[in-house]
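Welcome! Please take a look at the protein below, and then work through the exercises at your own pace.

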Amino acid sequence: MASGGFHDSGSHSGSFHSSGGGSSFSGGSSGGGGGGGSYGSYDGDPGDGVVLFAYLAAAVIGGIITFLMKVAHNEIPGLNLINLAMFLVSSGFLIKSISEYHRTKALAFFKEYGPGKNLTYIWKGDSVSKIETDSKSWYGYNKCYFIAFYDLDFGDENAEKAYETMTSTPKIIWVSPFVWLVLSIICLVSTFFFYESVIPFFEHAIMTDFAFAFVDHLVFYFPAILCLLFAVGSFVLTKVKDNLLYECAVRVVKDNKAAAEKLEKENAISAKLSNKWYYNICPNCGAYPSQVLKHCDHCGASLEVDSFENGTQSPVHKISLKE
């Protein structure tokens, strides 16, 4: 019958047995005399603080070395140096993802309450990389961006565009990195009992030695592989999310600038119109055209008042662009 190589039980002879037993790193001398007590005393001398710190540092380093030696000698069920390294690499990716989360955590507000103007913003990078701006939001080099939801003029529109980006893309992109952290912790904890719980099923299955060897290693490393996938996935999704939000920022800035320019032109036209007067009654055909027209809709004659020097033929009015 095939036998797993990662068991910590004495009933198997695989190359990954847990050797068990106590640690060979327990130290300390039992020497007599009262002199030993002086190492733990503190009489207020600043030098004693340095000594205490050195002892603590030595204890921590010694604990780490002891732990690594136990892992190397397969004395900790479910761990060896390879999957330990995988867990450490995973932690690096998770730390990086979580450290970036605060930049876009304002989007969680939209998940719960929907889009709308608020006092938050999302960003990547700093304003020195700015290429184009609408005075509040901007985008720049290296796909840096800043989207302001507090903008008095465009805050609602900015929120709508960000929310549209979220809802039009796969939901997994917007999952919090803390979810991946929890899943990774579950994988880490499960590695101490997963192998012993699963491998007996395969030990009783009929398969070739080669097939069992593959399954044996896969089962042992599965929690670490899954943890690494979660961690790397979280890191990659952070990059994907930033790329999508950069594109959103480009759209926000361009749309807002276009809207601002349109409003400026409308205000300029409105200002010009506000200085002109138009007849209520067409001076050519006597019709009563709409007071938003500059030419009579019956005969096409101009309704603009050229001069007030000799009075006017009928009451007059101004045209407002907002009417």
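Below are four exercises, each with a worked solution.

Before you start, note that this is a predicted model, in which local features need pLDDT of at least 70 and side-chain atom pairs count only at pLDDT 80 or more, while totals for chains, interfaces and linings use all residues. Residues are numbered from 1 along each chain as its sequence is written, and side-chain values use heavy atoms, with hydrogens and water left out.

**Exercise 1. Find out how many helices and strands the protein has, and in which pattern they follow.**

Step 1: Count the elements, which are DSSP runs numbered from the N terminus (helices: H or I, at least four residues; strands: E, at least two). The protein has seven helices and six strands.

Step 2: Read along the sequence, and the pattern is α-α-α-β-β-β-β-α-α-α-α-β-β.

**Exercise 2. Work out where the buried residues of α5 lie around the helix.**

Step 1: Locate helix α5, which covers residues 177-190. Its 14 residues reach 20 Å from first to last C-alpha, close to the expected 20 Å (1.5 Å times one less than the number of residues).

Step 2: List its buried residues: P177, W180, S184, C187 and S190. Buried means under 20% relative accessible area, exposed over 50%, and partly exposed in between (1.4 Å probe, protein chains only).

Step 3: Look down the axis of α5: these residues fall within an arc of 140°, so they line one face of the helix. The arc is taken from the directions from the helix axis to the C-beta atoms.

Step 4: Recall the general rule: an α-helix has 3.6 residues a turn, so residues three or four places apart point the same way.

**Exercise 3. Compare two salt bridges: are their residues buried or partly exposed?**

Step 1: Use the cut-off: a side-chain nitrogen of Lys or Arg within 4 Å of a carboxyl oxygen of Asp or Glu. The structure holds nine such salt bridges.

Step 2: Take E75 and K70, whose closest N and O atoms are 3.4 Å apart. E75 is partly exposed at 24% relative accessibility, and K70 is partly exposed at 21%.

Step 3: Turn to R103 and E100, with closest N and O atoms 2.8 Å apart. Both R103 and E100 are buried.

**Exercise 4. Find which parts of the chain the salt bridge of K257 and E132 links.**

Step 1: Check the pair: the side chains of K257 and E132 meet at 3.1 Å, N to O.

Step 2: Place both residues: K257 sits in helix α7 (residues 209-273) and E132 in strand β2 (residues 130-133). The pair links distant parts of the chain, 125 residues apart.
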